[in-house]
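Subject: Handover of a structure

Dear colleague,

Please find below the structure that I am passing on to you. My notes on what was found in it follow directly after.

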Amino acid sequence: MRKATGWILILVFALMLSGCQQTVQEPPTEPTTEQNEPNLGNLAEQLLKVGKFPEMLALSSSRLSKFYDIEASLLDSFAIYVCAEAIISDEIILVRAKNESDIKDIQKKIGKRLATQKESFDSYLPAEGEKIAQVVSHASGRDLVYIVCAKDQIEPLSKLIVQAYQNK
Amino acid sequence: MKRNRFLYWLGVSLLLSLLFSDSLLAAVSLRKKDDSLQLPERPALAIKQKPQRTAQDFLNADTKEISEHSFFQTAAFIGDSITQGLTLLEAFDTRPIMANLGLTLAKAKNNLEDWKADRVETIFILLGINDMTYYDMDTETYITRYGDLLSALRERFPEAVLVVQSILPVANSYDHPKINNEIITTFNAALKEYCLQHEVLFAEICQPFCLEDGSLNPNFSPDGLHLFYQFYGAWLAQLEYIVEYS
């Protein structure tokens, strides 16, 4: 009888421990990241680290429609930063659509935003408008990448993006 | 005997008069006391006491926190690139902000018709620097154009409080053929006078951002003309203070 009770207790503890381990081993935040897709949050952090950007503000999902006219529900994940100074055009746009079929529409909307920004800067601060004209862009599957940055940042940031998508 | 009786009555009357005078005085003083007790309590002053604020107090304001004040929930803004920076504040996403890089007085007036602005109680206007840049403008023309815009705003928003903000001075290092602090000071003085005459609130917003000589502190500006985003809290704190205690 005592032996049986001992075995039951051991079993209960074993189950409890395995339960705890399962909780710890839950997959990270991005739910549907495929093998060839980098984590957009991590990529944005790398871009901010490598590139010389002014103070940038991260946009929350509730602000996507205001800035880009994009419904957050269409996106699987995103990392978007705009410059905190209204007179600087720097911008980092990393978006992953839920469905690849939405990519063209999203692309169009980002293009519209950049065109409006360019027009606004061209008559006021042409150098900032020029930065938008030379935007670094990359499309891969259901991902879109746009980076508006200083001219000397184009090369290192482009390399970083290519690497991020090659490594995956 | 008669003398004694006289003295007796004299003493009695003196005593009585003393007693009466004391009781009379006491009654009067009591009455006075009663009167004071019966006075209604002094009502609380209706006018808000204006607290003193230093430039540093404004500079300590947290931009995000102050942008969420209920005061700004019925505010609208019209301005140029400086005002455009307000569109980055999440709390202002629902506020009407007419702001463009390079916005002038005439363009702002033209945009008014299409401007979507409801539930507006206070309208803050910060314009003028681009008018100096794009046109060779004298003070008279400047004030006429400002007046045109204010009249149009009054017509569309008859109940709203209009707040005209002084043009921010530039840093001494700022180099532009048409913009300098001498012109800005002249325009601001004329604008202030106009506002006084037309019962429009004029808000001097320079104090926390300027050096003793009246120029913009270059530490607060990315280019000697605009404000760093981190100082928007100081700007908003001033606007709230000026309107609340005007």
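What percentage of the 168 residues of chain A count as buried? The share is 30%. Please keep in mind throughout that this is a predicted model.

To begin with chain A, its secondary structure consists of 6 helices and 5 strands. Along the sequence these elements follow one another in the pattern α-α-β-α-β-β-α-α-β-β-α. Among the contacts in chain A with a separation of 6 or more, 58% are made by residues 24 or more positions apart.

The two chains also touch. On the side of chain B, 14 residues are in contact, and they meet 13 residues of chain A. The chain B residues on this side comprise 5 nonpolar, 6 polar and 3 charged ones.

The remaining notes concern chain B. Its strands include an open sheet of 5, arranged in the order β2-β1-β3-β4-β5 with parallel pairing. At the edges of this sheet stand β2 (97-99) and β5 (201-203) of chain B; each has a single partner strand, so one side of each remains without a neighbour in the sheet. On average, neighbouring strands of the sheet are turned by 20° against each other, direction ignored.

Strand β4 of chain B deserves a separate paragraph. Strand β3 (residues 122-126) and strand β4 (residues 161-165) of chain B pair in the parallel sense, with 4 bridges between them. Two of the residue pairs may help you to locate this pairing in the view: B:F124 has B:V163 as its bridge partner in β4(B), and B:I123 has B:L162. As for its surroundings, β4(B) is largely enclosed by the rest of the structure, because 4 of its 5 residues are buried. For general orientation, strands of a sheet pair through backbone hydrogen bonds, in either a parallel or an antiparallel manner.

Strand β4(B) is also joined to β5(B), by 3 bridges, and these two strands run parallel. Here the bridge partner of B:V164 in β5(B) is B:F202. Between the two strands the chain passes through α8(B), and the resulting β-α-β crossover from β4(B) to β5(B) is right-handed.

Helix α8 (residues 181-197) of chain B packs on the sheet, where it touches β4 and β5 of chain B. The direction of this helix makes about 155° with that of β5(B).

Finally, I would draw your attention to the backbone of two loop residues. Although B:R119 is not a glycine, its phi is positive, at about 50°. This residue is found in the loop between α5 (105-111) and β3 of chain B. B:R119 counts as exposed because it has 11 C-beta neighbours inside 10 Å, and a residue is classed as exposed at 12 or fewer.

The second residue is B:E199, which is likewise not a glycine and has a positive phi near 55°. B:E199 lies in the loop between α8 and β5 of chain B. Its C-beta atom has 7 C-beta neighbours inside 10 Å, so B:E199 counts as exposed.

With kind regards

How values were computed
Residues numbered from 1 in each chain as written. Chains lettered and ligands numbered in written order. Predicted model: local features only at pLDDT ≥ 70, side-chain atom pairs only at ≥ 80, totals over all residues. Pairing = 2+ DSSP bridges. Axes fitted to C-alpha atoms, helices over the stretch in contact; angles between N-to-C directions. Contact = placed C-beta atoms within 7 Å. Nonpolar A, V, L, I, M, F, W, Y, C, P; charged D, E, K, R; others polar. Buried ≥ 20, exposed ≤ 12 C-beta atoms within 10 Å, placed from the backbone. Right-handed = clockwise from strand over helix to strand, strands pointing away.
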